[in-house]
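Subject: Structure handover

Hello,

Here is the structure I promised to pass on. Please open it first, then read the notes underneath.

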Amino acid sequence: MKTNLLPHKIFLIFLLLFILNSDFFAESENGFNKFGYTRIDAGWEFYPRKSPEETFKLIEKGQKAPFIVSVPSYWNSCFAGTEYPEPDNYGCYHYKYTNLTAGKKYALYMKESPGTSSAIYINGNQIGQTGNPFEMLKPPAERTKKSCSVVRPISCEFMPSEDGSADILIFISNYYYRKGGLWDIVFIGTAQGISNLNNLFLIFYSIISGILIFIGMLNLLQFLINKKQWEYFFLGTAAIVFALRVATASFSSISIIMPFLPSEIEIKLEYLALWLAPLSIMKMLYILYPAQKTYVIFKWLPEKVLRYSAITQAAVFGIISLVVPAYYANRMVPVLQISMGIISLYVVVYIIINIVRKRKYIIYYLVGCLFLIMGGAVDTVYTKAKNLIPLSLFPFFLVMFIFVQLILLATIQNDVYKETVRISGNLKKLNEAYLRFVPREFLKLLNKDSVIAIEPGDYSDIQMCIMFSKLNIRCMKENASLDDHFIIFNQFLKYASPIIKKHGGFVSKFLSGGFMALFPASEKEAVYAALEIKDFVRDFALSSVCSGHFVDVRIGIHYGKMIAGTLGEAGRLDDTVISDTVNTVARIESVCERLNKNIIVSQVLEGLVSDCGLKFEHLESIMVKGKSKPLDLFEVKTE
């Protein structure tokens with residue numbers, strides 16, 4: 001995504017949200033807005049501790065309800081000081097809506113069904129239900145132990161009476177929530193208008209949840225790839241927890257995906273955002289910005305004690321809220337909010353201190369936390385005035401926070417990569433300075449008498465044999481020692497190198513576990529050298545040096561054209577051989593290991609030395625990069 005498009009996308013999102021909060025909810029003369037629905041905010045009659053049947057009888061008798069309330073509202077605040085303050089109770093909300101068209105289909109809608117279970121009646125007929133609110137009518141001893149609570153979006157279609165009215169009754173039973181009542185906006189409108197509204201909410205909140213889950217999974221995958229980058233783990237955890245918060249609180253899309261999920265479980269997933277998300281954000285902050293001093297502000301207040309105290313209290317309360325029944329977990333919310341406030345205060349103070357100390361990238365974290373603070377403020381207003389702000393903007397701010405943190409991590413990783421490249425370049429230059437060496441035999445290939453005479457770019461085009469040899473060392477003892485491995489390999493090179501020189505060759509490169517040797521004089525001598533090295537290794541493996549180890553040698557030999565020369569600049573030279581012959585002989589040596597053979601030569605070399613009295617056995621053919629025909633391989637056989 002191009003960053004220069006981001007402001008335009010943010011503007012479009014805000015424009016959409018502005019439309020949702022203005023034009024979408026602006027009422028027209030007929031009571032519905034131009035999209036076919038409106039809210040029923042005020043004028044609800046409430047009959048506490050009355051069943052639907054009892055409420056219908058009271059309405060028929062013309063008996064007025066004890067309370068006239070607005071919605072959304074909670075029993076705790078509406079009935080404070082009365083005989084009905086307990087939130088775990090039941091009751092009926094009644095409203096008569098008129099001015100509807102007889103014979104036309106309408107719908108009643110709430111994006112979060114009344115808590116924690118409900119039944120909806122229109123004109124005396126039950127048209128919808130969430131959970132089992134009727135269990136509350138039984139004596140406590142006779143109530144089922146199964147979950148009766150379900151919280152999800154609810155939409156009920158109905159036909160008005162002949163006079164165009166809809167007598168609405170909502171029966172609510174609250175089993176565990178600390179705030180009972182009709183706690184969400186009630187929409188009424190045409191069936192199509194309500195369907196469009198539900199789809200709008202579903203799409204908006206699902207997109208937000210999907211973005212957060214996708215970002216969370218990417219970060220967790222990054223952590224699995226490199227388990228040292230714990231900042232990705234904590235950011236991924238926070239993103240997924242925020243996604244659960246959106247899918248359970250803002251719009252209960254999780255109940256659509258898992259319709260049989262008890263609301264007691266659902267609400268505990270929602271509460272993860274009160275403790276696990278702040279912990280993750282705090283841990284990520286500390287990983288990116290480790291404390292430079294042992295104290296935060298005061299020397300008598302150690303930073304470590306403060307940080308672990310905040311982590312411990314949040315983790316303890318959070319875990320308790322997970323394991324206790326939902327009734328108690330819900331009543332722990334104020335405690336979790338205080339715990340979250342403590343961590344938030346620590347994070348804010350820590351950010352300010354690092355800003356003062358001019359820590360790099362801290363501005364990113366500050367911007368991200370400002371998004372969270374703004375989102376929290378908006379969400380607080382939303383929960384207390386849903387009639388004024390019908391759509392929660394908090395999920396949008398969550399996405400912006402996660403997005404800013406992604407930019408932060410990407411910036412850090414980019415700078416780390418640049419620094420790694422710089423350090424690697426310096427290390428390479430340092431190694432090259434220490435390894436400034438050109439073999440004497442290599443000088444002869446370039447027709448030079450001394451290394452002093454060599455200039456960068458000197459080269460010679462030549463055809464010769466090239467050998468790749470690797471010593472296979474396998475420890476047979478219980479405690480493998482790298483020291484033993486090194487001693488064995490070094491002793492091998494001590495005797496193998498003279499054998500190479502004896503047969504007119506020289507070691508050009510020492511490789512991991514072996515070497516590369518060149519034979520410019522005679523291809524037959526290369527084969528003889530390989531046979532002598534094989535014999536030496538057979539005896540060498542039985543010596544005391546190799547005690548407790550299995551030692552064997554693998555040798556691949558090829559013949560071809562190559563360029564031998566020097567590369568570098570005046571302050572650093574290195575000898576090199578450039579040709580696909582090098583790649584081919586490396587492939588041949590790897591076949592030795594695969595087929596468990598000691599010496600394998602190419603078809604080209606076998607043809608050149610076929611009259612030397614040696615026996616060759618055809619093994620297989622391999623494809624070599626850059627060649628259209630396969631290359632036949634032969635094993636050198638000895639009597």
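The notes below go from the whole protein to single residues.

**Overall**

Keep in mind that this is a predicted model. The protein has 639 residues, and 47% of them count as buried. Its secondary structure comes to 17 helices and 18 strands. Take the contacts between residues at least 6 apart in sequence: 74% of them join residues at least 24 apart. The exposed area is about 32300 Å². Carbon and sulfur atoms supply 60% of that area.

**Two cores**

Start inside. The largest nonpolar core holds 82 residues. Leu 212, Phe 242 and Tyr 365 have the most contacts within it. Helix H7, residues 263-288, gives the most to this core: 13 residues. A second core lies apart from it, with 39 residues. Ile 499, Phe 536, Val 537 and Ile 599 are among its members.

Phe 242 is a good place to zoom in. Leaving out residues up to four places away in sequence, Phe 242 touches Leu 212, Ala 277, Ile 281, Leu 372, Leu 398, Phe 401 and Ile 402.

**Strand S16 and Ser 602**

Next, go to strand S16, residues 599-602. Its side chains alternate: Ile 599 and Val 601 point one way, Ile 600 and Ser 602 the other. All four are buried. S16 runs antiparallel to strand S18, residues 631-637, and 3 bridges join the two. Ser 602 stands opposite Leu 633 in S18.

Is Ser 602 buried or exposed? Its relative accessible area is 0%, so Ser 602 is buried. Its contacts, not counting neighbours within four places in sequence, include Leu 631, Asp 632, Leu 633 and Phe 634. Ile 557, His 558, Tyr 559 and Ile 588 are also in contact with Ser 602.

**Strand S10 and its partners**

Strand S10, residues 187-190, is joined to strand S1, residues 37-39, by 3 bridges. The two run antiparallel. Arg 39 stands opposite Phe 187 in S10. S10 is also joined to S5, by 4 bridges, and this pair runs antiparallel too. Here Tyr 106 has Thr 190 in S10 as its bridge partner.

**Ala 310 in helix H8**

Ala 310 is found in helix H8, residues 303-323. Its relative accessible area is 4%, so Ala 310 is buried. Beyond its neighbours within four places in sequence, Ala 310 is in contact with Met 282, Ile 342 and Ile 343. Ala 310 and Ser 339 are 29 residues apart in sequence. In space they are 7.7 Å apart, C-alpha to C-alpha.

**A nonpolar patch outside**

Now turn to the surface. Which residues make the nonpolar surface patch of about 550 Å²? They are Val 348, Ile 352, Val 356, Leu 370, Ile 373 and Met 374. Helix H10 (333-356) and helix H11 (362-384) are the elements that give two or more residues to this patch. Leu 370 lies in helix H11. Its relative accessibility is 43%, so Leu 370 counts as partly exposed: that class runs between the buried limit of 20% and the exposed limit of 50%.

**Backbone points to check**

Most residues other than glycine have a negative phi, and most peptide bonds are trans. Three places depart from that.

- A cis peptide bond joins Val 71 and Pro 72, with omega about 0°. Pro 72 is in the loop between strand S3 (67-69) and helix H3 (75-78).
- Asn 99 has a positive phi, near 70°. Asn 99 is in the loop between strand S4 (90-97) and strand S5 (106-110). At 60% relative accessibility, Asn 99 counts as exposed.
- Asn 596 also has a positive phi, near 60°. Asn 596 is in the loop between helix H16 (580-595) and S16. Its relative accessible area is 53%, so Asn 596 is exposed.

Best regards

Technical notes:
Residues are numbered from 1 along each chain as its sequence is written. This is a predicted model: local features need pLDDT of at least 70, side-chain atom pairs count only at pLDDT 80 or more; totals for chains, interfaces and linings use all residues. Side-chain values use heavy atoms; hydrogens and water are left out. A nonpolar core is a set of buried Ala, Val, Leu, Ile, Met, Phe, Trp, Tyr and Cys residues joined through side-chain atoms within 4.5 Å. Buried means under 20% relative accessible area, exposed over 50%, partly exposed in between (1.4 Å probe, protein chains only). Contact means heavy atoms within 4.5 Å. Patches are made of residues with over 30% relative accessible area and no salt bridge: like charges are joined within 9 Å, nonpolar side chains (Val, Leu, Ile, Met, Phe, Trp, Tyr) within 5 Å. Accessible areas come from the Shrake-Rupley method with a 1.4 Å probe; for residues, only the protein chains shown count as cover. A salt bridge is a side-chain nitrogen of Lys or Arg within 4 Å of a carboxyl oxygen of Asp or Glu. Two strands pair if DSSP finds at least two bridges between them.
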